[in-house]
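This report describes selected features of the structure shown below, beginning with strand pairing and ending with the contact between chains.

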Amino acid sequence: MLFQLQDVTKTYGSITALDSLSVTAPNGAIGLLGPNGSGKTTMIRTLLGLIPADRGSGEILGMDFRRQHLDIRAVVGFAPEDECLFPRVVGVEFVGYAGELVGMSHKDAFQRAHEVLDYVGLGEARYRAVETYSAGMKQRLKLAAAIVHDPQLLILDEPTNGMDPAGREELLELARDLAHNKGMSLLFSSHLLPDVEAVCEHVIVLGDGKLLTSGNIQQLKQIHTRCFEIRLKASDSKFADRLMALGCSAEARDDRILVHLPEGASPQIFWEVARDQQQQIRFLRPRSSTLEEVFLSAVEPQ
Amino acid sequence: MPIFDQGYQHWSGELAGHTWRWMVITRQGVRIGLKNRFVRILLLVAWVPALMLASVLCIWGLLERNSDLIAPFIGILRSLFGPQSVADPQLYRIDVWTICFHYFLQTETRFSLLLLLVIGPNLISKDLRFNALPLYFSRPVRRIDYCLGKLGIITTFPAMILILPCVIAYLFGLLFSLDITIVQDTFGLLLMSVLYGLVIAISAGMLMLALSSLSRNSRHVGLFWLAILMVGAIMATVLEGVDHQQRIHAYRSAAGNVQSRDAIATAEIEASRTDWRPLVSYTADLSRIGQQLLGANQSWEKLSQWLPPNERDVFLLKLVGPQFPWYWSAAVLLILFGLSACILKIQIKSLDRLK
């Protein structure tokens, strides 16, 4: 288990950022989803002991987040959402200093800083002042600073904010590589669903400081037994018309047709209509929900 | 080429404990501070008085050994410290050393306040401006570590010009006197000088840190610092001047303008023992603590004994500083320290706020 929170509440004056939140996350890559103001950043900061919870308890990597926050921060790497820099230093000093602040020796920290800067693709810029870095470079620099001490858990808070598509893809590739090939657990907070889907296996969805849903992404994207996606060799509206005449509902989506079967009908009906219409079915599968649908259904007011 | 071609290696080293984590912040800050050319120049200039201090101590050591090398300096030493001290240098050794250290530390106090103006404003305000606090506090760094680390930076630079030269000059003085009893006589002075240096560095450093945490704009912090020093000094001077003129007027009216100069000087010294006005000036408060720690006033009194009684008070009035109780200044410095600590506690808390 990566972390668990039990009945955690955090308020800022009259605003409740976390509302009796109870959640458990397994090891691996966890996506933290939620609209703006849903409590994602507060949850991360609470986990790290950066802000005190008003109520509740919990563990992260087997350590009590209320009492062992210094020990937790030694084994967790955190790249905050905001643009934040140690001013007046060059890239390698930035990362080396971050390592020293965790407790690495000066020599180890700087040796490691060079390694991780190469890893994140900032090897050429390591002696440039960090103030001169582009937005994408700053995100990768924050990532390098977060992994310099080889943490067990890496927390990325909105890491792709403000990045161009190429930079975003590079960062996602790094996050994916760390989580899937390097054995580092990952908590990836974002409101960009494709980013979470590209990197994570599990997802936690927050809304108004409460847990809306959580689980394995593939399991959450449920299979619909009465809804199918069909692609024909030649697109033809007659095929859909015929299915609708038989009681199905059909809807064209890109090059496919999304068909809902009526009660009592079986997928055999597709083959029969195709034979009647002299059509070839090139693709047929039960439809599964997208992460967007999972997210929207979770955050939708009941 | 994929950007992760270089690969990622796991690291299995040991992490140090939390106790000395603040030292990392101090080391980094000092390293960055020393990269500033203006700071380096200021440090070099500030070490010139240290050369003078070391020179006087060495000359005094040679005088104690009746060396012919110092014959050209005898006249200067007589005019500075009086003929009786040159005639018996060992007897007046501690007083001469005290006066030398006191002058040196007074000069260096001004340099250190200037150095703080160059180093200090950026320390926290720049972290606030670049939003660097989450980078510190998301690592095993506590607020106390952060503040101690920053205080370490801001005390290191004044210590370089206050404490380090004192110790080096002291060692030179020992080497040139070649008399083991000098350690017994003067070691207390060295300790008090170091203590005074620490008082200046920590008190001024805390004040500057608190100011630095109040604004994201370093220039505002610098201006505020100058205002504290200059406005305080100007106010103290004006208040003292007005009070002095009132007293002079009172003496003249009371005695029909016939009081002698030394009688007025005696009365002025007496009045200065309860005059609170210098307390308004931060530098005067530091200076009063220095006088007390080093015992400069007692040394001046001893060195002035050769003067005729009617000239003594005039001499002392010129050379000794404020006479009000030293604990008044200590209280002012302690209040400022506490206030600075409170400001830091409130300001260095930015993660527990809703954006």
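## Pairing of β11 and β13

In this predicted model, strands β11 (residues 223-232) and β13 (residues 256-260) of chain A are paired in the antiparallel sense, with four bridges between them. Across this pairing, A:Cys227 stands opposite A:His260, a residue of β13(A).

Helix α9 of chain A, spanning residues 237-245, packs on the sheet and touches β11, β12 and β13 of chain A. The direction of α9(A) makes about 155° with that of β12(A).

## The four-stranded sheet

The two strands belong to an open sheet of four strands in chain A, in the order β12-β13-β11-β14 and with antiparallel pairing. Because β12 (249-253) and β14 (281-288) of chain A each have a single partner strand, they stand at the edges, and one side of each is left without a neighbour in the sheet. On average, neighbouring strands of this sheet are turned by 25° against each other, direction ignored.

## Contact between chains A and B

The interface brings 31 residues of chain B into contact with 39 residues of chain A. On the side of chain B that touches chain A, the elements giving two or more residues are α1 (21-34) and α8 (133-137) of chain B. Of the elements, α8(B) gives the most to this side, with four residues.

What is the make-up of the side of chain B that touches chain A, in nonpolar, polar and charged residues? Its residues divide into 19 nonpolar, nine polar and three charged.

Methods
Residues numbered from 1 in each chain as written. Chains lettered and ligands numbered in written order. Predicted model: local features only at pLDDT ≥ 70, side-chain atom pairs only at ≥ 80, totals over all residues. Contact = placed C-beta atoms within 7 Å. Nonpolar A, V, L, I, M, F, W, Y, C, P; charged D, E, K, R; others polar. Pairing = 2+ DSSP bridges. Axes fitted to C-alpha atoms, helices over the stretch in contact; angles between N-to-C directions.
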